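I opened a new notebook page for this chain. My plan was to look things up one at a time and write down what I found.

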Amino acid sequence: MRPIIGITTSVTLEREEGDRLRVYLNTAYSDAIYAAGGLPLLIAPPADPTTALLDEILDRVDGILFTGGHDLHPRHYHQ
């Protein structure tokens, strides 16, 4: 059985859709996971997830691919 690899997604605001948020992913990430023998699973948590929800997501995957994005300000990790 293929390992399930969670992939973090990006979020964008679609004005044409009535200011709806959309989650998206560059398919190169999922293609790479398939090519390596894994099964990609997109992770799209709500804007303010609880610790319990994040734990539930982590319990269901064998690994996570962090796709990157904006750098976190050091204050978020007390630096």
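The entries below go from the whole chain to single residues.

**Entry 1: the model and its confidence**

I noted at the start that this is a predicted model. I looked up the confidence and found an average pLDDT of 87 for the chain. A score of at least 70 is reached by 90% of the residues. I then asked which element has the lowest mean pLDDT and which the highest. Strand 2 has the lowest, at 81, and helix 1 has the highest, at 96.

**Entry 2: the chain as a whole**

I looked up the elements and found two helices and five strands. Along the sequence their pattern reads β-β-β-α-β-α-β. The chain has 79 residues, and buried residues are 14% of them. I wrote down an accessible surface of about 6500 Å² for the chain. Carbon and sulfur atoms account for 54% of that surface. I also looked at contacts between residues at least 6 apart in sequence, and 57% of these join residues at least 24 apart.

**Entry 3: the open sheet**

I asked in what order the strands of the open sheet stand. Three strands form this sheet, the order is 4-1-5, and the pairing is parallel. Next I asked why strand 4 and strand 5 each have one side without a neighbour in the sheet. Strand 4 (39-43) and strand 5 (63-65) are at the edges and have a single partner strand each, so one side of each stays without a neighbour there. On average, neighbouring strands of this sheet are turned by 35° against each other, direction ignored.

I then looked at one pair in the sheet. Strand 1 and strand 4 run parallel and are joined by five bridges. In this pairing I found I4 opposite L39 of strand 4. Helix 1 packs on the sheet and touches strand 1, strand 4 and strand 5. The direction of helix 1 makes about 150° with that of strand 4.

**Entry 4: the ends of helix 1, and S30**

I looked up what caps the N-terminal end of helix 1 (residues 27-35), and the residue is N26. A side-chain oxygen of N26 lies 2.9 Å from the backbone nitrogen of A28. After helix 1 comes G37, and I noted that its phi is positive, near 95°.

S30 has its place in helix 1. I asked whether S30 is buried or exposed. The relative accessible area of S30 is 12%, and buried means under 20%, so S30 counts as buried. Leaving out residues up to four places away in sequence, S30 touches I7, L25 and P40.

**Entry 5: T9**

I went to T9 and found it in the loop between strand 1 (4-8) and strand 2 (10-14). The relative accessible area of T9 is 19%, which is under the 20% limit, so T9 is buried. I asked which residues T9 touches, not counting those up to four places away in sequence. They are V23, Y24, L42, I43 and A44. For I43 I also wrote down a distance: its backbone oxygen lies 2.8 Å from a polar atom of the T9 side chain.

**Entry 6: L13**

L13 has its place in strand 2. Its relative accessibility is 38%, between the limits of 20% and 50%, so L13 counts as partly exposed. Apart from neighbours within four places in sequence, L13 is in contact with D19, R20 and L21. I also looked up V23, which is 10 residues from L13 in sequence. From C-alpha to C-alpha, L13 and V23 are 9.0 Å apart.

**Entry 7: L58**

My last residue was L58, which lies in helix 2 (residues 51-59). L58 counts as partly exposed, at 45% relative accessibility. I asked how far the C-alpha atom of L58 is from that of I5. The two C-alpha atoms are separated by 10.0 Å, while L58 and I5 are 53 residues apart along the chain.

Technical notes. Residues are numbered from 1 along each chain as its sequence is written. This is a predicted model: local features need pLDDT of at least 70, side-chain atom pairs count only at pLDDT 80 or more; totals for chains, interfaces and linings use all residues. Side-chain values use heavy atoms; hydrogens and water are left out. Helices (H or I, at least four residues) and strands (E, at least two) are DSSP runs, numbered from the N terminus. Buried means under 20% relative accessible area, exposed over 50%, partly exposed in between (1.4 Å probe, protein chains only). A polar contact is a pair of N or O atoms within 3.5 Å; within protein, one must be able to donate a hydrogen and the other to accept it, and residues adjacent in sequence count only if both atoms are side-chain atoms. Contact means heavy atoms within 4.5 Å. Accessible areas come from the Shrake-Rupley method with a 1.4 Å probe; for residues, only the protein chains shown count as cover. Two strands pair if DSSP finds at least two bridges between them. Axes are lines fitted to C-alpha atoms, for helices over the stretch in contact, and angles run from 0 to 180 degrees between N-to-C directions. pLDDT is the predictor's confidence in each residue, from 0 to 100.
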